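Q: I have a two-part question for you. How do I read a structure like this one, and where do I begin?

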Amino acid sequence: MNNKLVKNAAGRMVVNEINGEPATPYMGVGNFQPTGHKHAPRISTCADYPGDGNKEVESIKEALVRCGLKDGMTISTHHHFRNGDLVANQVFDAVKELGVKNIRWFPSASFLCHEHLIQYMDDETIHHIEGSMNGPLGKYVSEGNMKGTGVLRSHGGRYQAVQDGEVKIDIAVIGAPSADPFGNANGLAGDSACGLLGFALADSQYADKVIVVTDNMVKFPCIPWQIQGNYVDFTVSVDKIGIPEEIVSGTTVITKSPDRLMLAELTAKFCDAAGIIKDGFSFQSGAGGTSLAVGEFFKEIMKRKGIKARFARGGSNKYLVSMLEEGLVEYILDGQTFDLDGVYSMANNPNHVWTSPFTSYNYHGKGNFANLVDVVILGATEVDVNFNANVVTHSDGFLLHGIGGWQNCLFSKTVILPLPLFRDRIPVIIDHVTTLCGPGELIDVIITERGIAINPLRKDLLSKVKDSGLPLKTIKELKDEAERICGKPQKPQFEEDIVAVIKWVDGTVIDVVRKIKSG
Amino acid sequence: MKTSIAITGNAGPKVRSDCEITLELKKEGGISIDLISKVQALYGDSIKDLISEIIEFFGIKSASVRINDSGALSFVIAARMESAITKLVNTDLEYLPEFIQENGYSTDRDKFRFSRLYLPGNSPGHMINAGLHSADAIILDLEDSVAYDKKDEARILVRNALRQIDFCGAERMVRINQGERGLNDLHFVIPHNVNLILIPKCESSSYVKKVEHEIAAIRTRYNLQNQVFLMPIIESALGVENSYEIARSSGNIVAIAIGLEDYTADLGVVRTVNGTESFYARTRMIVAAKAAGIQPIDSVFSDVNDMDALRENVLASKALGFEGMGCIHPRQIQVIQKGFAPDESEIDESKKIVLAYEKAKQNGAGVVAMGSKMIDAPVVARALKTIKLADKLNILPKDWDKVEK
């Protein structure tokens with residue numbers, strides 16, 4: 001690939017061409033102005049579709065053939081089943097059987113269960129992945145084994161890419177816990193219930209061909225239609241589309257670690273002192289154990305002060321649902337349900353509303369919900385002395401996580417990252433992030449168990465909390481402390497080859513990930 | 001001659017912040033270092049350099065070293081390496097990591113000791129963030145929480161921890177072993193600014209005196225300025241019988257504690273939640289402590305999940321006269337602090353006393369009086385401390401003194 005690099009607005013050397021297509025380097029927050037029109041699929045006619053509305057075919061393989069699957073096409077899948085997904089693996093098993101090659105896989109995220117697909121990268125059934133690459137997939141890519149260059153985007157960025165025609169999906173495969181033969185689908189009922197199908201919305205609207213795969217085919221109509229059958233070409237019934245125990249998994253448990261609980265409590269104290277927790281406020285916290293604990297501490301403060309939140313954005317889980325049910329939160333605007341409490345609440349409580357990356361996160365639209373949130377609690381793998389943050393690689397340079405909604409949430413009014421100062425000797429606060437995912441100007445507060453650093457740009461926050469008795473330090477002091485305790489870290493060694501590209505919310509290239517030096 | 005292979009430290013899927021070192025001394029061939037580490041990319045070189053430095057420090061010419069590291073900090077790696085070497089080589093040398101300036105502080109004899117967090121002396125993972133949980137004291141334990149065959153390693157680890165970990169102002173305590181081993185333990189810790197030594201299973205004043213004597217010799221040798229306090233732990237029937245004698249056996253004793261697990265075992269009874277079987281021992285020890293002018297400290301509460309039961313236990317303990325309790329998990333600290341902290345009536349009483357004292361000072365009166373009652377100096381001192389603590393615990397309203405006037 002073309003290795004010519006240009007310096008972007010964040011000072012990172014990035015490519016302006018990815019997998020043969022042109023790309024724009026990052027220009028700073030809000031500076032890139034999109035031109036042109038949204039992508040539009042071709043016009044269809046009912047004449048080409050069954051008059052009785054029954055689009056069912058025998059198998060995924062047959063559906064792919066009927067969709068005209070060819071070498072080099074783009075196939076998309078969603079990740080509402082998280083590590084319990086069985087769809088993507090079945091799809092590529094079929095692609096392999098058909099002898100098709102060089103597919104671009106476009107998942108909304110990948111998980112450890114997709115390790116199965118490494119063999120298809122080895123034999124070039126899959127040319128490259130545009131989506132997160134975790135665990136074994138991440139290692140495979142970091143070691144330079146994938147044929148093409150990976151692209152990582154936020155949830156909002158993925159929607160933007162599809163909407164803008166940056167990624168043209170040839171075939172979208174949508175796993176649906178409930179569907180009818182016409183193609184209407186939802187995530188609320190069925191053995192593989194996952195709540196909603198928001199991540200597949202763009203796929204259904206913009207893909208050339210759409211296949212709905214279900215293990216719970218019901219008679220027309222399948223209500224509510226989170227995916228509209230009018231966008232769907234074929235429906236398929238299979239034995240299983242997901243593993244329920246992994247779909248609604250145990251990740252939503254509040255941390256028991258005393259260190260992390262302390263961090264969560266400190267975060268809530270900070271928000272209280274800064275006047276952020278007030279009647280009618282809105283918040284969002286990530287799905288990790290520490291973030292959940294922050295939510296519980298918020299709850300205590302809200303109860304004590306008789307405060308109600310206007311809305312909370314989720315990842316919903318049993319803790320958030322109980323806040324809704326106890327009247328502490330008026331609405332949950334939900335992008336993803338993590339457990340059965342979330343699924344049930346979404347199905348039965350009108351104030352628990354499903355959203356999609358279009359409404360929540362899309363930057364190339366007329367506003368989005370993430371901007372409206374008063375305070376968001378997020379994680380990170382690294383933060384540097386300019387408040388820049390990284391979520392996709394660890395300090396050893398290996399690809400580790402997807403971006404999720406993280407970049408999109410940076411536009412909320414106050415962005416707080418509660419982080420341990422170091423994790424197992426690895427400093428979290430460092431000089432220079434290994435991979436830039438979020439620019440420092442959008443990150444307001446770093447809270448560690450050894451002190452709180454407020455971005456100097458937020459003079460308003462500084463003045464609100466300066467007499468609060470909270471342990472305020474500069475970010476440099478925190479970095480120095482991490483270094484004193486852990487020692488000054490070496491930088492990971494990389495080759496020249498670029499294995500993946502990180503996109504910003506507007507489709508520009510904010511950073512690149514290089515191949516790990518072996519040996 | 002000792003054996004030629006030594007294995008120290010810990011490794012395994014659940015191990016964090018520690019490392020396992022396998023050292024084999026060789027007759028020739030130079031030094032070979034083989035490192036597997038979670039943090040290879042960041043600290044691989046510096047770990048190897050550290051190992052080389054330590055090997056050279058101890059004058060070893062040929063050896064093979066295998067390190068299996070799970071993110072151990074430098075001082076932990078150094079401790080494990082030194083332990084491996086001293087298993088194989090007789091030496092008086094000590095590879096001491098830097099003594100950070102934050103660790104030079106001393107404490108007062110009647111500082112509040114409501115909560116003391118036990119840290120197993122061979123588990124570095126628990127030590128690193130211990131100071132952040134604001135316990136009054138931390139206890140680096142060389143005794144019961146360390147397996148017998150790990151006690152030598154624990155000494156070196158604890159020594160290094162005393163030098164390198166910032167415990168954020170908590171009183172720095174070490175619980176030594178019994179007998180000869182305990183006296184030897186002192187040589188590894190006293191030179192590194194320990195504020196207080198816990199003497200386990202104490203049954204007589206004679207051992208206290210031995211400990212004191214050993215400490216004095218070490219302090220003289222190293223020219224140490226800070227005082228080292230003592231806290232005997234009573235854990236047997238004989239200890240209870242001798243509690244008053246133990247309590248006043250040394251001017252360095254600031255508190256005595258009771259260890260109920262071993263005590264009930266000694267009696268051959270089951271330890272129960274309401275503690276009827278140990279009621280006599282506890283109250284007897286409290287009386288002995290108060291008579292000797294020192295703090296009586298209660299035993300740890302083993303159920304780390306039941307905060308309600310802990311809360312009840314703390315209140316009962318305080319009602320008997322105890323002035324603190326051991327903690328075995330950070331989440332117990334807040335509950336214990338709140339329980340032993342002065343309550344509203346104590347604070348009110350102390351307020352009145354302090355105000356009377358201020359008034360007396362203002363008027364140049366020689367005596368502090370509240371109505372017709374005279375207030376002795378120690379009572380005033382205690383009231384001032386209570387107010388100061390209440391203030392520190394944020395349970396004193398601002399301008400409390402202005403409101404009253």
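The dialogue below goes through domains, contacts, a helix pair and a single residue.

Q: What kind of model is this?

A: The model is predicted. Keep that in mind throughout.

Q: Start with chain A. Which domains does the domain assignment give?

A: Read the residue ranges. Domain 1 of chain A covers 55-248 + 498-504 + 510-516, and domain 2 covers 258-490. Domain 1 is thus written as several segments in the assignment.

Q: How many Å separate the centres of these two domains of chain A?

A: Taken over C-alpha atoms, the centres of domain 1 and domain 2 of chain A are separated by 29 Å. Then look at the contact itself. There, 39 residues of domain 1 of chain A meet 38 residues of domain 2 of chain A.

Q: Which elements give two or more residues to the domain 1 side?

A: In chain A they are α4 (135-142), α5 (155-163), α6 (201-206), β28 (494-503) and β29 (509-516). The most comes from α5(A), with 7 residues. By class, this side of domain 1 of chain A has 19 nonpolar, 15 polar and 5 charged residues.

Q: Now chain B. Into which domains is it divided?

A: Chain B has domain 1 (5-88), domain 2 (107-340) and domain 3 (344-404). Between domain 1 and domain 2 of chain B, the C-alpha centres lie 32 Å apart. Their contact takes 12 residues from domain 1 of chain B and 10 residues from domain 2 of chain B.

Q: Which helix gives the largest share of the domain 1 side in chain B?

A: That is helix α2 (residues 74-88) of chain B, with 6 residues. The classes on this side of domain 1 of chain B, where domain 2 of chain B is touched, are 6 nonpolar, 3 polar and 3 charged.

Q: How many residues does each chain bring to the contact between chains A and B?

A: Treat each side separately. Chain A brings 17 residues and chain B brings 19 residues. On the chain A side, α8 (258-273) and α15 (475-486) each supply at least two residues. The largest share of that side, 3 residues, comes from α8(A). Its classes are 7 nonpolar, 4 polar and 6 charged.

Q: What describes two packed helices?

A: Two values do: the angle between their axes and the distance between the axes. Here is a case. Helix α10 (residues 318-325) of chain A packs against helix α11 (residues 340-348) of chain A at an angle of about 40°, with the axes 8 Å apart.

Q: Why are α10(A) and α11(A) called oblique?

A: Check the cut-offs. Angles under 35 degrees count as roughly parallel, and 65 to 115 as roughly perpendicular. The angle of about 40° falls in neither class, so α10(A) and α11(A) are oblique to each other. Their crossing is left-handed.

Q: Which residues meet in this helix pair?

A: From α10(A) come K318(A), V321(A) and L324(A); from α11(A) come D341(A), G342(A) and S345(A). By class, the contact has 2 nonpolar, 2 polar and 2 charged residues.

Q: Last, one residue. Is A309(A) buried or exposed?

A: Count C-beta neighbours. A residue with 20 or more within 10 Å is buried. A309(A) has 23 inside 10 Å, so A309(A) counts as buried. A309(A) is found in strand β16 (residues 309-316) of chain A.

Q: What does A309(A) touch, not counting residues up to four places away in sequence?

A: A309(A) touches F281(A), S282(A), F283(A), L328(A), V329(A) and E330(A). Compare sequence with space, too. Y331(A) is 22 residues from A309(A) in sequence, and their C-alpha atoms are 8.2 Å apart.

Notes. Residues are numbered from 1 along each chain as its sequence is written. Chains are lettered from A and ligands numbered from 1 in the order in which they are written. This is a predicted model: local features need pLDDT of at least 70, side-chain atom pairs count only at pLDDT 80 or more; totals for chains, interfaces and linings use all residues. Two residues are in contact if their C-beta atoms, placed from the backbone, lie within 7 Å. Helices (H or I, at least four residues) and strands (E, at least two) are DSSP runs, numbered from the N terminus. Ala, Val, Leu, Ile, Met, Phe, Trp, Tyr, Cys and Pro count as nonpolar, Asp, Glu, Lys and Arg as charged, and the others, Gly among them, as polar. Domain bounds come from an automatic or database domain assignment. Axes are lines fitted to C-alpha atoms, for helices over the stretch in contact, and angles run from 0 to 180 degrees between N-to-C directions. Angles under 35 degrees count as roughly parallel, over 145 as roughly antiparallel, 65 to 115 as roughly perpendicular and the rest as oblique. A crossing is left-handed if the near helix is turned anticlockwise from the far one by less than a right angle, and right-handed if clockwise. A residue is buried if 20 or more other C-beta atoms lie within 10 Å of its own, exposed if 12 or fewer, and partly exposed in between; C-beta atoms are placed from the backbone.
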